[in-house]
Amino acid sequence: MAQRLSRSLRFTNALIGPIAMRLGSLIAYEALRYLSGFEPPRAAGAQVVLDLACAVAFAAVPALFPAPSRDAFAFGDTGLSAVLPAPLSVLTMALHECGHWLAARAIGLRARFGVNRRMMLLVFETDLTQLWSVPRRRRYGPLPGGMALDVVLLALLLTGRLLIHMGAWSAAPVVDAVLAVGIYLEPAGLLWQCMVFLHTDFHAVLVNLLGCHNLWRVKTLRPREAFGGLTAEQSAELAGASEADRRAAGWFRWLWLAGFAGVLACFAVFVVPVLVTVLRWTAGQVAAGPLTGGFRYGLLCAAVLLGPYLLAAALAVGERVRRT
């Protein structure tokens with residue numbers, strides 16, 4: 001299908017053209033498998049190929065690799081550039097959770113959506129509690145299902161920008177800018193899901209691989225046990241933990257502590273440059289006075305950008321209040 005559509009196009013780069021055709025073919029055939037049922041879907045195998053294709057695309061055209069200082073502000077208007085990633089980020093997070101939901105439904109399980117936080121970031125999450133009622137081997141579809149959908153979305157975005165870069169698609173500059181913002185958001189989300197020391201997709205895969213049941217909780221209780229800070233209830237809870245949880249918690253707690261540096265680095269690379277630029281721009285708009293349109297516009301854009309972080313902080317305060 002992709003070859004038929006692209007046969008009449010003029011390729012300006014011998015490497016980019018085959019990559020775009022490969023991505024289009026994978027997506028088209030996978031959609032055909034789901035819609036027609038002529039053979040079982042092959043999402044797992046397609047994800048590996050798409051991962052490789054995305055990496056090759058970044059290597060072939062380094063300008064496509066996301067840069068926060070450039071891609072997060074793809075428009076001349078700083079306020080619009082600050083507002084756009086917010087709904088796109090919400091959309092990509094929702095699509096990620098749809099990947100989990102679809103993969104869970106594919107093996108006959110029910111799942112629910114929710115909103116939570118991971119440290120300073122607001123996140124969506126899918127309740128896959130029923131997943132632990134099926135054999136361990138069957139869990140490896142739903143657990144990374146969100147990342148699989150992320151890779152497909154990244155491949156679509158890269159295909160669009162590759163076609164524009166080739167000159168095969170004369171898209172408006174605003175379309176290219178939106179695609180650039182999406183390519184900036186997707187790798188950041190995939191990198192976040194690779195942080196096994198948080199409640200992420202890879203953490204769930206690790207827990208399943210090790211045969212653990214409540215590694216996160218046991219990891220929290222083990223240091224308290226070492227310093228004699230356990231209550232009688234917590235001691236009973238730790239004593240009833242599985243051997244796999246206790247064994248893995250011995251090294252996982254150190255990985256969790258070291259992981260804070262990785263979270264801060266990710267936050268500094270992908271988020272801080274955007275926040276600093278927008279706050280400086282907002283200060284300039286507010287300085288014009290409360291009676292100007294720029295004053296209200298600046299506050300609105302800052303509120304949209306900072307809203308998720310403020311909500312995450314409110315959730316953290318609520319958790320602290322409930323514990324006391």
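In the predicted model, Ala 94 is found in helix 6, which spans residues 85–106. Ala 94 has a relative accessible area of 30% and is therefore classed as partly exposed. In space, the C-alpha of Ala 94 lies 8.6 Å from the C-alpha of Glu 125, although 31 residues separate Ala 94 and Glu 125 in sequence.

The overall fold was examined next. The protein contains 14 helices and two strands. It has 324 residues, and 40% of them count as buried. About 17,400 Å² of the protein is exposed, and 66% of this area is supplied by carbon and sulfur atoms. When contacts in the protein are restricted to residues at least 6 apart in sequence, 67% of them join residues at least 24 apart.

Two nonpolar cores were examined. The largest nonpolar core has 23 residues, of which Met 195, Leu 198, Val 263, Phe 270, Val 274, Val 278 and Leu 305 touch the most other members. At least two residues of this core are supplied by each of helix 8, helix 12 (243–270) and helix 13. Helix 8 provides the largest share, with six residues. A second core, separate from the largest, has 17 residues, among them Cys 54, Val 151, Leu 154 and Leu 157.

Asp 201 lies in helix 9, which covers residues 201–210. The relative accessible area of Asp 201 is 8%, so this residue is buried; the cut-off for burial is under 20%. With neighbours within four places in sequence left aside, the contacts of Asp 201 are His 96, His 100, Leu 143, Gly 146, Met 147 and Gln 193.

The count of salt bridges comes to two. In one of them, the side chain of Asp 176 meets that of Arg 161, with an N to O distance of 2.9 Å. Because Asp 176 belongs to helix 8 (residues 173–193) and Arg 161 to helix 7 (residues 145–166), this pair ties together parts that are 15 residues apart in sequence. Arg 161 has a relative accessible area of 13% and is therefore buried.

The side chains of Glu 237 and Arg 217 also meet in a salt bridge, at 3.0 Å from N to O. This pair links distant parts of the chain, with Glu 237 in helix 11 (residues 232–239) and Arg 217 in helix 10 (residues 215–226), 20 residues apart. Glu 237 is at 33% relative accessibility and so counts as partly exposed. Arg 217, with a relative accessible area of 27%, is also partly exposed.

The structure holds four aromatic pairs. One of these joins Trp 251 and Phe 252 in an edge-to-face arrangement, with 6.2 Å between the ring centres and 80° between the planes. Trp 251 counts as partly exposed at 40% relative accessibility, whereas Phe 252 is buried with a relative accessible area of 0%. Another edge-to-face pair is formed by Trp 281 and Tyr 297, for which the centre-to-centre distance is 5.6 Å and the angle between the planes is 85°. Distant parts of the chain are linked by this pair: Trp 281 is in helix 13 (residues 272–286) and Tyr 297 in helix 14 (residues 293–323), 16 residues apart. The relative accessible area of Trp 281 is 15%, so Trp 281 is buried. Tyr 297, by contrast, is partly exposed, with a relative accessible area of 30%.

Ring pairs also join Trp 216, Trp 251, Phe 252 and Trp 256 into a cluster. Two rings of this cluster were examined together with Lys 219. The charged end of Lys 219 sits over the ring of Trp 216, at 3.8 Å from the ring centre. The charged end of Lys 219 also sits over the ring of Trp 256, at 3.9 Å from the ring centre.

Note on methods: Residues numbered from 1 in each chain as written. Predicted model: local features only at pLDDT ≥ 70, side-chain atom pairs only at ≥ 80, totals over all residues. Heavy atoms only, no water. Helix = DSSP H or I, 4+ residues; strand = E, 2+ residues; numbered from the N terminus. Buried < 20%, exposed > 50% of the residue type's maximum accessible area, 1.4 Å probe, protein only. Contact = heavy atoms within 4.5 Å. Areas by Shrake-Rupley, 256 points an atom, 1.4 Å probe, with all protein chains shown as cover. Phe/Tyr/Trp six-rings, centres within 6.5 Å; stacked < 30°, edge-to-face > 60°. Lys NZ or Arg CZ within 6 Å of the ring centre and 35° of its normal. Salt bridge = Lys/Arg side-chain N within 4 Å of Asp/Glu carboxyl O. Core = buried A, V, L, I, M, F, W, Y, C linked by side-chain atoms within 4.5 Å.
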